[in-house]
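Colleague: Please take a close look at one open pocket of this model and at the helices beside it. I should then like to see how the remaining packing and backbone features compare.

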Amino acid sequence: MSSSAYEQIAYAVESGVATVTLNLPEARNGYTRRMADELAAALRVADADERVRVVVLTGAGKDFCVGADLSAGDGKGKGFTQEVDAATAAQVEAGTYQEPAGLVTRVLYALNKPVIAAVRGAAVGVGSTLLLPVDFRLAAHDAKFGFPFTRRGIVPEGASTWFLPRLVGLGRAMDWLVSGRIVPATEALAAGLVTSLHEPDEVLAAAYALARELASTTAPVSVAVTRQLVYRMAWADSPEEVHRLDSRLVFDTVRGEDAKEGVRSFFERREPRFLGRVPGDLPRYLPWAADADER
């Protein structure tokens with residue numbers, strides 16, 4: 001999908017940073033199926049673009065995302081619960097249907113580039129679940145989070161029951177998911193959901209500052225492999241599988257050009273100029289490499 005084809009998001013690349021913006025401020029960035037498709041497409045573009053080192057995810061206006069757009073149909077949420085077409089029903093029956101939040105969180109999870117979210121105002125429902133596979137969540141003091149699915153008679157989406165306990169612990173995740181209550185920014189910070197808090201008009205600038213730091217000081221291949229090692233291996237049954245994989249990765253990378261440049265730049269007291277690129281220079285033997293074709 002070309003950048004001109006986006007209607008509900010905006011996509012731009014500058015100085016190695018791709019900015020993906022939920023762009024329906026008049027609707028407080030209410031989430032739609034089209035927005036989901038566009039977000040997934042833009043993130044895939046960023047991941048495949050070797051110029052892109054970091055992705056910044058944000059929302060236009062005063063809110064990140066107020067959740068699913070409930071205004072379809074009669075304006076009272078009828079569109080949210082309306083019957084689906086035969087093709088979708090067949091996908092559900094076959095087990096191949098992907099709900100809209102998970103469409104994006106699956107892509108975020110498998111991404112090779114680090115993602116920084118800049119969050120203002122409401123980040124509720126899918127506005128919260130979208131943030132769970134993000135690496136750094138910078139929030140404004142006025143931000144509020146919530147997983148109100150039980151209060152709408154539905155269940156959590158986007159594999160949030162997998163992601164959230166790993167971020168904030170089982171007990172707190174159970175509290176937030178079962179109660180569906182609103183979580184203020186200070187509680188989100190204390191729980192580990194949020195990386196740092198900022199003034200509302202400074203949170204995006206803080207995200208870009210972090211993005212520039214990552215882009216100028218870290219090796220793209222090292223970052224990509226490390227991100228996926230954490231996501232894929234942190235909850236393995238034992239460390240043995242990780243030992244086998246990272247032993248080979250360490251053996252290869254310490255003999256690579258990026259490692260030589262990392263050492264040179266350290267002794268020369270300058271920023272490194274890493275030559276490795278993502279995805280082109282990722283090790284071919286990574287066990288999750290085949291997943292790229294599935295997203």
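**The second largest pocket and its surroundings**

Modeller: The second largest pocket encloses a volume of about 330 Å³. Fifteen residues would be a long list, but among the 15 lining residues those closest to the pocket centre are Val 221, Ser 222, Thr 253, Gly 256 and Asp 258. A pocket here is an open set of points on a 1 Å grid over the protein atoms alone, with protein on both sides within 12 Å along at least five of seven lines; lining residues have an atom within 4 Å of a point. The volume is the space filled by probe spheres set on the points, which are joined across faces, edges and corners.

The model is predicted, with local features requiring pLDDT of at least 70 and side-chain atom pairs pLDDT 80 or more, whereas totals for chains, interfaces and linings use all residues. Residues are numbered from 1 along each chain as its sequence is written, and side-chain values use heavy atoms, without hydrogens and water.

Three helices, α9 (220-233), α10 (240-253) and α11 (257-267), each give at least two residues to the lining of this pocket. Helices are DSSP runs (H or I, at least four residues), as are strands (E, at least two), numbered from the N terminus. The lining comprises 7 nonpolar, 4 polar and 4 charged residues (Ala, Val, Leu, Ile, Met, Phe, Trp, Tyr, Cys and Pro are nonpolar, Asp, Glu, Lys and Arg charged, and the others, Gly among them, polar).

Two of these helices also pack against one another: the angle between α9 and α10 is about 170°, and their axes lie 12 Å apart (axes are lines fitted to C-alpha atoms, for helices over the stretch in contact, and angles run from 0 to 180 degrees between N-to-C directions). The pair is therefore roughly antiparallel (under 35 degrees is roughly parallel, over 145 roughly antiparallel, 65 to 115 roughly perpendicular, the rest oblique). On the α9 side, Val 225, Leu 229 and Met 233 meet Glu 241, Val 242, Leu 245 and Leu 249 of α10 (contact means heavy atoms within 4.5 Å). That contact contains 6 nonpolar residues, 1 charged residue and no polar ones.

The largest cavity (a set of points where a 1.4 Å probe fits but cannot get out) holds about 50 Å³ of space, and the model has 1 cavity of 30 Å³ or more. Val 52, Arg 53, Lys 113, Pro 114, Thr 218, Pro 220, Val 223 and Val 278 line the largest cavity, giving 5 nonpolar, 1 polar and 2 charged residues. Val 278, from that lining, is joined to Pro 279 by a cis peptide bond with omega of about 10°; Pro 279 lies in the segment after α11.

Two further helix pairs offer a comparison. Helix α1 (residues 33-48) packs on helix α3 (residues 100-110) at about 10°, with axes 8 Å apart, so the two are roughly parallel. Residues of α1, including Leu 39, Ala 40 and Leu 43, meet residues of α3, including Leu 103, Val 104 and Val 107. By class, this contact has 10 nonpolar and 4 charged residues, with no polar ones.

Helix α5 (residues 160-168) and helix α6 (residues 170-179) pack at about 130°, their axes 7 Å apart, and are therefore oblique. Among the contact residues are Leu 164 and Val 168 of α5, and Trp 176 and Leu 177 of α6; the contact divides into 7 nonpolar, 2 polar and 1 charged.
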